[in-house]
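Here is a short tour for anyone who likes to check a model by its contacts and angles. Please have the structure open as you read.

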Amino acid sequence: MMLRKMGAVLGTALILILSVAAPAQAHGADAPDATNYRTRITAAPDLAGLTVETIEAGARLQVTNDSGRNVEVLGYQNEPYLEIRPDGVYENIHSPATYLNITIVHVDPPAHADPTLPPEWRKVADEPRWRWHDQRAIWTSLEEPPQVASNPGAPHHIRDWTVPMRVDATPLTLSGTLDYEPPPPGWLWWGLSVLGIAAIALLGLLRNRRRQVGRALALMVIGAGLLGLVYGVARELDAGNDTLWSVVSQLFTAQLWPTVTSLAALAFAIDALLSRKGEGDFAIALGGAAVGLFAGMVNAAAFHRAITPVPMDSNLGRIIIVLIIVLGGGGAAAAMLRLRAGGQTSAEPPAPDPQ
């Protein structure tokens with residue numbers, strides 16, 4: 001019976017892995033889990049009410065125009081590309097940038113994307129804010145720059161970039177730098193994760209104070225769930241979402257499964273913590289495995305990349321990911337050991353009566 005419960009935990013986790021593989025990759029195309037390329041703005045347009053910033057670990061530029069004037073962004077051949085007006089955002093359907101800037105991955109623009117044609121504007125947003133993948137400010141090739149390929153362990157300046165803009169006929173300056181930062185030692189962060197899981201799993205071997213240990217494991221999984229939500233919110237803040245509604249809506253769309261599994265881990269662990277019978281090991285195992293996998297390991301690319309997509313120090317972001325993996329995975333491992341021990345104990349025949 002206990003083996004069946006352990007199998008259910010692992011089977012549920014495997015089903016979740018297969019079901020979220022495609023959505024996770026789709027989200028990563030817009031907001032990378034981590035990167036070695038840092039995009040910085042060094043000169044922003046001097047116009048009151050106009051804000052330009054990098055978001056999603058530098059993968060996109062975001063312009064917010066509260067100036068009350070029409071601000072135009074030019075494309076790769078200095079053709080009109082975007083107009084960010086007080087009543088919303090308009091794209092020029094004849095600009096190749098309209099199609100090239102949808103994703104980081106290169107796409108061929110359609111035949112009617114001719115920058116020599118007069119602009120034809122199509123409204124794409126009702127608010128004066130837009131974000132896009134500008135290929136002048138990011139590294140889009142699958143191959144590393146030559147200087148990086150020859151010495152990946154050292155930082156490199158890749159290039160300076162400029163995105164031409166204007167208000168009426170007045171040019172605006174938007175420029176910055178693209179730099180390579182060497183990745184951290186991935187083995188260190190994976191080692192901490194494995195050691196942490198193993199240390200917590202040992203609690204599952206304790207035969208004394210089962211109820212106290214069970215409560216401690218439930219609290220660990222609660223901590224993993226809370227940290228999963230913290231990291232998810234941090235990613236959305238880095239993605240330029242600055243209102244409660246925008247953050248929450250993205251948590252349940254772009255980061256649906258990490259959010260759902262974090263909430264599920266909280267629910268399962270709280271239920272186990274409040275259980276009077278002290279029989280919450282299965283709930284702890286299921287919740288811990290889910291949050292460890294889908295709020296922790298799905299973000300483990302940060303172990304091998306220099307820049308994490310959160311508005312905090314990258315090492316702090318990695319520490320949060322390690323804690324999610326350790327608390328969730330370790331709690332699940334310990335709970336499964338407790339389930340196995342409980343099954344073996346219940347299967348033992350009663351001792352013979354000495355009489």
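## The R129 salt bridge

R129 is partly exposed, at a relative accessible area of 27% (buried is under 20%, exposed over 50%, and partly exposed in between, with a 1.4 Å probe and protein chains only). Its partner in a salt bridge is D242, with 3.0 Å between the closest N and O atoms; the term stands for a side-chain nitrogen of Lys or Arg within 4 Å of a carboxyl oxygen of Asp or Glu. R129 belongs to strand β8 (residues 129-132) and D242 to the loop between α5 and α6 (244-251), so the pair ties together parts that are 113 residues apart in sequence. D242 itself counts as exposed, at 54% relative accessibility.

Element names follow DSSP runs numbered from the N terminus: helices are H or I with at least four residues, strands are E with at least two.

## How far to trust the model

This is a predicted model, in which local features need pLDDT of at least 70 and side-chain atom pairs count only at pLDDT 80 or more, while totals for chains, interfaces and linings use all residues. Residues are numbered from 1 along each chain as its sequence is written, and side-chain values use heavy atoms, with hydrogens and water left out.

The protein chain has an average pLDDT of 88, and 86% of the residues score at least 70; pLDDT is the predictor's confidence in each residue, from 0 to 100. Residues 1-7 stay under 50, and the model gives them nine contacts beyond four places in sequence (a contact means heavy atoms within 4.5 Å). For residues 344-350 the pLDDT is also below 50, and this stretch has zero contacts beyond near neighbours in sequence. Where pLDDT is low, the predicted coordinates should not be read in detail.

## A network around E181

In total, 14 salt bridges are counted. E181 and R38 form one of them, at 2.5 Å from N to O. Here E181 lies in the loop between β12 (175-180) and α4, and R38 in strand β1 (residues 37-43), so this bridge joins parts 143 residues apart in sequence.

E181 also pairs with R40, where the closest N and O atoms are 3.8 Å apart. That link again runs from the loop between β12 and α4 to strand β1, across 141 residues. R38 is partly exposed at 25% relative accessibility, and R40 is partly exposed too, at 39%. With D179 added, R38, R40 and E181 are linked in a network of salt bridges.

## Two nonpolar cores

Which residues have the most contacts inside the largest nonpolar core? They are L217, I284 and F303, in a core of 34 residues. Such a core is a set of buried Ala, Val, Leu, Ile, Met, Phe, Trp, Tyr and Cys residues joined through side-chain atoms within 4.5 Å. Two or more of its residues come from each of α4 (186-201), α5 (210-238), α7 (256-274), α8 (281-296) and α9 (314-347), and α9 gives the largest share, ten residues.

Beyond four places in sequence, the contacts of F303 include W189, W190, I321, V322 and I325. A second, separate core has 27 residues, among them V52, L61, W130 and W132.

## Helices α4, α5 and α7

The 16 residues of α4 should span 22 Å at 1.5 Å a residue (the expected span is 1.5 Å times one less than the number of residues), and its end C-alpha atoms lie 23 Å apart, which agrees. Its buried residues are G186, W189, S193, G196, I200 and A201. They cover an arc of only 130 degrees around the axis, so they sit on the same side of α4; the arc is that of the directions from the helix axis to the C-beta atoms. W187, V194 and L195 are exposed on the other side.

A234, in helix α5, is buried at 6% relative accessible area. A234 and P311 are 77 residues apart in sequence, yet 6.5 Å apart from C-alpha to C-alpha. Buried residues of α7 include T259, L266 and A272.

## Two positive phi angles

E56 has a phi near 55 degrees and lies in the loop between β2 (50-55) and β3 (60-65). For D168, in the loop between β10 (165-167) and β11 (170-172), phi is near 60 degrees. Are these residues buried or exposed? E56 is buried, at 5% relative accessible area, whereas D168 is exposed, at 55%.
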